[in-house]
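Student: I should like to learn how to read a protein structure step by step. Could you guide me through one?

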Amino acid sequence: MVPFDIHLIRLFLHVLAATIWVGGQFTLAAQLSTVRALGDTATKDVARAFNRLAWPAYGVLLATGIWNLLEVSVGDRPTSYHVLLSVKLLAVAASGIGAASHVVSRSKIALAIGGTLSALGAITAVFTGVWLHG
Ligand code: HEM
């Protein structure tokens with residue numbers, strides 16, 4: 001029988017939040033030109049609405065990420081696991097910092113850099129997360 005237990009709930013919450021944080025960014029980017037055509041403030045309004053969902057999801061990722069670390073006996077893992085985990089945590093930080101700077105930026109170049117950093121960090125966090133899980 002496939003077990004239905006607390007580990008399933010932990011990974012479910014972590015992956016659900018990742019789908020919102022990562023998938024939401026790409027969905028928003030894909031709709032940008034359509035949203036722009038709706039009016040001068042449409043892009044900002046839609047981005048603000050997305051942020052109300054995305055930042056709580058990022059919070060859930062941090063909380064369930066710490067929960068993951070407590071459950072996987074991280075201290076007993078080999079050096080390769082710790083290296084991969086460090087790469088993942090850098091990617092998580094880059095994604096959060098990139099997204100935060102995207103929110104407060106005014107210039108087009110700063111917006112582009114923040115958005116790119118956030119998306120690349122998010123993709124890397126998913127890839128290394130799946131790799132860690134094995
Ligand atoms: C942008 C933020 C994050 C994203 C997108 C993300 C994404 C993911 C994904 C997709 C998995 C694979 C789950 C699976 O294969 O079932 C995973 C696993 C994992 N994540 Fe994250 N994660 C994020 C943040 C964090 C943080 C902040 C930590 C630690 C504090 C963390 C620690 C882990 C660990 C240890 C695993 C492996 C869990 C296991 O083997 O049971 N993650 N992550």
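Tutor: We shall discuss the overall build, the packing of helices, one loop residue and the surroundings of the ligand. Please keep in mind that this is a predicted model.

Student: Let us begin with the overall build. How many helices and strands does the protein have?

Tutor: An inventory of elements is a sensible start. The protein has 5 helices and 0 strands, and from the N terminus on the elements run α-α-α-α-α. Along the principal axes, the C-alpha atoms fill a box of roughly 55 × 35 × 20 Å.

Student: What share of the residues is buried?

Tutor: Buried residues make up 17% of the 134 residues in the protein. One may also ask how far apart in sequence the contacting residues lie. Among contacts between residues at least 6 apart in sequence, 69% join residues at least 24 apart.

Student: How does one describe the packing of two helices?

Tutor: Two packed helices are described by the angle between their axes and by the distance between those axes. Take H4, residues 79-104, and H5, residues 108-133. Their axes come within 7 Å and cross at roughly 150°. H4 is therefore roughly antiparallel to H5. The crossing of H4 and H5 is left-handed. The residues of this contact divide into 16 nonpolar, 11 polar and 1 charged.

Student: At what angle do H1 and H3 pack?

Tutor: H1 and H3 pack at an angle of about 145°, and their axes are 8 Å apart. Their crossing is left-handed. Among the residues that meet in this contact are Trp 21 and Leu 28 in H1, and Phe 50, Gly 65 and Asn 68 in H3. By class, the contact of H1 with H3 has 14 nonpolar, 6 polar and 2 charged residues.

Student: Which residues of H1 meet H5?

Tutor: Ala 18, Trp 21, Val 22 and Gln 25 in H1 meet Ser 118, Ala 119, Ala 122, Ile 123 and Val 126 in H5. Of the residues in this contact, 7 are nonpolar, 2 are polar and none is charged. Ala 18 and Trp 21 also belong to the contact of H1 with H3. The axes of H1 and H5 are 10 Å apart and pack at an angle of about 140°. These two helices are therefore oblique to each other, and their crossing is left-handed.

Student: Let us turn to the loops. Where does Ser 73 lie?

Tutor: Ser 73 lies in the loop between H3 and H4. A backbone angle can draw attention to a residue of this kind. Ser 73 has a positive phi of about 50° although it is not a glycine.

Student: Is Ser 73 buried or exposed?

Tutor: One counts the neighbouring C-beta atoms, and a residue with 12 or fewer within 10 Å is exposed. Ser 73 is exposed, because it has 8 other C-beta atoms within 10 Å.

Student: Finally, how many residues surround the ligand?

Tutor: One may study such a shell by its members, by the elements that supply them and by their classes. The ligand is surrounded by 22 residues, of which the closest are Gly 65, Asn 68, Ala 125, Gly 129 and His 133. H1, H3, H4 and H5 each supply at least two residues of the shell.

Student: Which helix gives the most to the shell?

Tutor: H5 gives the most, with 7 residues. By class, the shell has 16 nonpolar, 6 polar and no charged residues.

Note on methods:
Residues are numbered from 1 along each chain as its sequence is written. This is a predicted model: local features need pLDDT of at least 70, side-chain atom pairs count only at pLDDT 80 or more; totals for chains, interfaces and linings use all residues. A residue is near a molecule or strand if its C-beta atom, placed from the backbone, lies within 6 Å of it. Helices (H or I, at least four residues) and strands (E, at least two) are DSSP runs, numbered from the N terminus. Ala, Val, Leu, Ile, Met, Phe, Trp, Tyr, Cys and Pro count as nonpolar, Asp, Glu, Lys and Arg as charged, and the others, Gly among them, as polar. Axes are lines fitted to C-alpha atoms, for helices over the stretch in contact, and angles run from 0 to 180 degrees between N-to-C directions. Angles under 35 degrees count as roughly parallel, over 145 as roughly antiparallel, 65 to 115 as roughly perpendicular and the rest as oblique. A crossing is left-handed if the near helix is turned anticlockwise from the far one by less than a right angle, and right-handed if clockwise. A residue is buried if 20 or more other C-beta atoms lie within 10 Å of its own, exposed if 12 or fewer, and partly exposed in between; C-beta atoms are placed from the backbone. Two residues are in contact if their C-beta atoms, placed from the backbone, lie within 7 Å.
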